[in-house]
Amino acid sequence: MPNSPTLYAVKMANTPLRYESQWPVRLIVAHASSLSIEEKETLRDAQQCIFDDEGPSSISALNPWWGELTGVHWMVNNCDDEWLGNCQYRRSWNDIELYNMEPNLLYLCHPCVFGYSLAAQFQGGHRFPGVEMTMALANAGKLPFTAEEMAATWGSSVFQGGPMAVADNASYKRLMTVLFDCLWPVWNAYEDDIRQLNGYDKRAMAFLAERLLSGIVQHRKKFLGDIGIQHIVQRFHGP
């Protein structure tokens, strides 16, 4: 089938995939570094799972704070599929829109448009100072975003959820590499504070990733060059 992607669904060890796809779906078990050899063997035998702690560049142990990004990081460092994308155990893509994909084009979910800024939305839902963290780093020249670009990102009302994408290998890895380049300075500067977070906010890096992805899309000419973007349907399979 022409230009058809392999999809990688990130899941925890005890969460089954909640949908079927016409495209190949491989299961990545996140936080696999916490599993025993026997647990991995069971998952591999029963579900043909792969694990986010395989390979020399694993960040599996950071999963409590980084969420599904540990699986995405594994993909960036290990996947050689010509066409690929990430999804979740309960979030899928609309299969028909991924038929005969075009090169140099990122397929992303449709963004949400809030009636207020991303900063206001974030501060209303989180108790840690993510806005202030990223602005301080941008002002100090320690982020790929300039201070003006970071302020424009937080001032925007357009939210690009995720971080999920489908594309040709080079385009996918460029997007996700840029995203990690934006995230690592935050972790390096505030790791001790982030590790102290509990409850909903514990996955701080995953929450910041969505806002930083929104900024990458907003400033895509700088970060992505001539790579285009096409928004497609993403489905949620609850609960």
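Which strand do 5 bridges join to strand 6, and do the two run parallel or antiparallel?

## Strand 6 and its partner

The partner is strand 10 (residues 228–232), and the two strands run parallel. This is a predicted model. Within the pairing, L108 stands opposite H231 of strand 10.

Strand 6 covers residues 105–109. Of its 5 residues, 5 are buried, so the strand is largely enclosed by the rest of the structure. Both of its faces are covered. L105, Y107 and C109 are buried on one side. L106 and L108 are buried on the other. The general pattern behind this is simple: in a regular strand, side chains alternate between the two faces of the sheet.

## I229 in strand 10

I229 belongs to strand 10. Its relative accessible area is 22%. Buried requires under 20%, so I229 counts as partly exposed.

Which residues does I229 touch, beyond its neighbours within four places in sequence? Its contacts are L105, L106, L108, V217, R220 and L224. Of these, L105, L106 and L108 are buried residues of strand 6. I229 can also be placed relative to N104. The pair is 125 residues apart in sequence, yet the C-alpha to C-alpha distance is 8.8 Å.

## Nonpolar cores

The largest nonpolar core has 58 residues. Those with the most contacts inside it are W66, W154, L175, L179, L183, I194 and I216. Helix 7 (residues 169–195) gives the most to this core, with 12 residues. Another core lies apart from it. That one has 22 residues, among them L7, A9, F51 and I232.

W154 deserves a separate entry. Not counting residues up to four places away in sequence, W154 touches S117, L118, A119, F122, G130, V131, T134, M135, L208 and R211. Several of these contacts, including L118 and F122, return in the helix pair below.

## Helix 4 against helix 8

How do the axes of helix 4 and helix 8 cross? Helix 4 spans residues 118–125 and helix 8 spans residues 204–218. Their axes come within 12 Å and cross at roughly 175 degrees. Angles over 145 degrees count as roughly antiparallel, so helix 4 is roughly antiparallel to helix 8.

Helix 4 makes the contact through L118, Q121 and F122. Helix 8 brings F207, L208, R211 and S214. By class, the contact has 4 nonpolar, 2 polar and 1 charged residues. W154 touches residues from each helix: L118 and F122 of helix 4, and L208 and R211 of helix 8.

## Backbone features in loops

Three loops carry backbone features to check in the model. A cis peptide bond joins G162 and P163, with omega about 0 degrees. P163 sits in the loop between strand 8 (158–159) and strand 9 (166–168).

Q48 is not a glycine, but its phi is positive, near 55 degrees. The residue is in the loop between helix 1 (37–47) and strand 3 (50–51). Its relative accessibility is 52%, so Q48 counts as exposed.

N104 also has a positive phi, about 60 degrees, without being a glycine. N104 lies in the loop between strand 5 (91–93) and strand 6. With 34% relative accessibility, N104 counts as partly exposed.

Terms used
Residues are numbered from 1 along each chain as its sequence is written. This is a predicted model: local features need pLDDT of at least 70, side-chain atom pairs count only at pLDDT 80 or more; totals for chains, interfaces and linings use all residues. Side-chain values use heavy atoms; hydrogens and water are left out. A nonpolar core is a set of buried Ala, Val, Leu, Ile, Met, Phe, Trp, Tyr and Cys residues joined through side-chain atoms within 4.5 Å. Buried means under 20% relative accessible area, exposed over 50%, partly exposed in between (1.4 Å probe, protein chains only). Helices (H or I, at least four residues) and strands (E, at least two) are DSSP runs, numbered from the N terminus. Contact means heavy atoms within 4.5 Å. Axes are lines fitted to C-alpha atoms, for helices over the stretch in contact, and angles run from 0 to 180 degrees between N-to-C directions. Angles under 35 degrees count as roughly parallel, over 145 as roughly antiparallel, 65 to 115 as roughly perpendicular and the rest as oblique. Ala, Val, Leu, Ile, Met, Phe, Trp, Tyr, Cys and Pro count as nonpolar, Asp, Glu, Lys and Arg as charged, and the others, Gly among them, as polar. Two strands pair if DSSP finds at least two bridges between them.
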